[in-house]
Amino acid sequence: MWTEPLQPAFSVAAALGVLIAGGFAALFGLRAKHRLQQEKTAFYLDKHLSYFSYLSMHIDGKEPLLPPPGQLEAAELKAIQRKLIEWIETLDGAPRDKLSDLCSQMGLVRLERERLGSSRHSERIDAAYHLGIMRAGDCAEELIAMLEGEGRESTAFVVGRAAAKCATEPQQLRRIAEQLVKTHPHSHRLIADIVASSSMDPAPMYSELLTSREDALVVTALVGLSGCKSQGPLAVLDKLSSAADKEVRIKAVKLLLQSPAFPAQRIRAFLRHPDWEIRAAAAKAAGEQRLLICLDDLQHALSDDNWWVRRHSAHSLVRLGMAGFHALCETACAAEDSPCRESALEAVKAELEHAALAAAQDMKQQLYYNELTYQYQKTFNDRYASHPAYAPRISS
């Protein structure tokens with residue numbers, strides 16, 4: 001009688017045992033299937049080795065690439081597709097276009113397009129991914145429609161990238177960007193990276209988005225333009241530099257500072273802007289453009305409350321030559337507040353060490369090093385002793 005309460009436990013244990021055994025059996029089955037697929041792929045790739053050699057030899061030629069001869073099995077076609085996709089991902093320009101045309105000619109685009117109608121979401125996403133790699137221009141509209149159906153799901157980025165790669169018209173690219181910003185308004189950099197994967201120049205599209213009333217679209221356009229050769233219309237960027245949204249005006253100013261046509265007087269004004277990010281960007285730009293007109297402003301910026309502004313100002317003064325180095329030494333010697341003195345002195349010693357190393361490797365740099373040490377000793381009334389490893393060579 002005492003064994004009766006244990007019977008339910010035995011039943012549960014038996015059921016669990018069956019489930020575990022079934023799980024292991026399914027796992028081993030999947031592993032065996034995967035191994036078989038790998039073996040088949042390796043076999044077909046080896047079988048068509050001469051065909052891949054043909055592609056390698058003619059990829060840069062003017063003639064279109066020919067598909068492999070004969071009737072191909074489904075698994076055989078899949079193996080060749082895998083190899084072609086690997087090549088497309090590493091190439092650009094005409095060779096990539098030739099491989100994309102070959103994929104269409106072989107029917108690979110048609111097969112993936114059919115999978116877009118699958119009832120399984122994962123299969124549709126996989127098909128979109130492969131269509132994007134193959135740059136299937138005819139599928140751009142279908143992929144954009146699919147993107148609109150993804151909503152806020154993370155898979156929208158996969159579909160969006162595929163659609164951007166397939167896009168053939170600027171308007172299609174704009175719809176992709178607007179849809180992604182609509183559902184993922186804080187993913188500016190990722191969206192800009194997705195748009196950049198297109199074969200088209202996105203700069204004109206971004207320039208149009210700069211006039212949008214939605215800040216998220218404007219920020220995405222500004223982020224995207226920062227990676228383009230064109231900075232966008234200066235008049236629009238100048239207007240955005242005083243926008244109410246802080247992120248918009250900071251990114252707009254950074255783009256303005258990249259333009260060689262931007263007047264130095266405006267850079268001087270930005271060095272006194274209320275936003276420290278803009279002051280720091282202006283300080284950095286003044287050094288990159290070697291603007292001696294900004295020397296006094298950079299020296300004043302060494303007293304800024306923000307560390308980044310002080311650091312960029314100090315490094316920019318170094319880039320202004322001996323005049324800037326002299327201003328740094330003066331500031332480091334006369335400054336009363338510790339942060340200002342530390343920023344200036346750090347830049348002074350860093351430049352001295354850099355000059356000492358350059359002089360040790362090239363005697364032509366000895367004169368510049370001597371000028372720096374003279375200025376340092378004159379200002380601080382102290383002889384500068386460089387690190388032994390950086391000590392200039394003395395010719396015999």
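In the predicted model, glutamate 277 counts as buried, at 18% relative accessibility. This assignment follows because burial is defined as a relative accessible area under 20%. Glutamate 277 is located in helix H16, which spans residues 276-288. Its side chain forms a polar contact of 3.3 Å with the side chain of tryptophan 276. When neighbours within four places in sequence are set aside, the contacts of glutamate 277 are with Lys246 and Ile250. Glutamate 247 is 30 residues away from glutamate 277 along the chain, and the C-alpha atoms of the two are separated by 9.9 Å.

Aspartate 275 occupies the loop between helix H15 (264-270) and helix H16. The relative accessible area of aspartate 275 is 9%, and this residue is therefore classed as buried. Excluding residues up to four places away in sequence, aspartate 275 touches Lys246 and Arg249. With arginine 249 there is also a polar contact between the two side chains, at 2.5 Å. Lys246 thus appears in the contact lists of both acidic residues, being touched by aspartate 275 and by glutamate 277.

At the level of the whole chain, the model contains 21 helices and zero strands. Of the 396 residues, 43% are buried. Among contacts with a separation of 6 or more, 62% are between residues 24 or more positions apart.

The largest nonpolar core comprises 108 residues. Within this core, the residues that touch the most other members are Leu84, Leu143, Tyr206, Leu222, Leu257 and Leu328. Helix H20 (residues 338-361) supplies the largest share of the core, with eight residues. Leucine 328 was examined further. Not counting residues up to four places away in sequence, leucine 328 touches Leu302, Ala314, Leu317, Val318, Ala344, Ala347 and Val348. Three of these partners, Ala344, Ala347 and Val348, are on H20.

Leucine 328 also takes part in the packing of helix H19 (residues 322-334) against H20. The axes of the two helices come within 8 Å and cross at roughly 135 degrees. H19 and H20 are therefore oblique to each other, because this angle falls outside the ranges for roughly parallel, roughly perpendicular and roughly antiparallel arrangements, the last of which begins over 145 degrees. On the H19 side, the contact is made by Phe325, Leu328, Cys329, Thr331 and Ala332. The H20 side contributes Cys340, Arg341, Ala344, Leu345, Ala347, Val348, Glu351 and Leu352. The crossing of H19 past H20 is left-handed.

A second helix pair consists of H9 (residues 170-183) and H12 (residues 215-225), which pack at an angle of about 125 degrees with their axes 10 Å apart. This angle makes H9 oblique to H12. The contact between them involves Ala177, Glu178 and Val181 of H9, together with Ala216, Leu217 and Thr220 of H12. H9 passes H12 in a right-handed crossing, whereas the crossing of H19 and H20 is left-handed.

Threonine 220, a contact residue of H12, was also considered with respect to serine 187. These two residues are 33 residues apart in sequence, and their C-alpha atoms are 8.3 Å apart in space. Serine 187 is placed in the loop between H9 and helix H10 (188-196). Its relative accessible area of 22% means that serine 187 is partly exposed, since the limit for burial is under 20%.

Backbone geometry was examined at two arginines. Most residues other than glycine have a negative phi. Arginine 135 departs from this pattern, with a positive phi near 55 degrees. Arginine 135 lies in the loop between helix H6 (121-133) and helix H7 (140-150) and counts as buried, at 17% relative accessibility. Arginine 290 likewise has a positive phi, of about 55 degrees, although this residue is not a glycine. Arginine 290 is found in the loop between H16 and helix H17 (295-301). At 46% relative accessibility, arginine 290 counts as partly exposed, whereas arginine 135 is buried.

Definitions and conventions
Residues are numbered from 1 along each chain as its sequence is written. This is a predicted model: local features need pLDDT of at least 70, side-chain atom pairs count only at pLDDT 80 or more; totals for chains, interfaces and linings use all residues. Side-chain values use heavy atoms; hydrogens and water are left out. A nonpolar core is a set of buried Ala, Val, Leu, Ile, Met, Phe, Trp, Tyr and Cys residues joined through side-chain atoms within 4.5 Å. Buried means under 20% relative accessible area, exposed over 50%, partly exposed in between (1.4 Å probe, protein chains only). Helices (H or I, at least four residues) and strands (E, at least two) are DSSP runs, numbered from the N terminus. Contact means heavy atoms within 4.5 Å. A polar contact is a pair of N or O atoms within 3.5 Å; within protein, one must be able to donate a hydrogen and the other to accept it, and residues adjacent in sequence count only if both atoms are side-chain atoms. Axes are lines fitted to C-alpha atoms, for helices over the stretch in contact, and angles run from 0 to 180 degrees between N-to-C directions. Angles under 35 degrees count as roughly parallel, over 145 as roughly antiparallel, 65 to 115 as roughly perpendicular and the rest as oblique. A crossing is left-handed if the near helix is turned anticlockwise from the far one by less than a right angle, and right-handed if clockwise.
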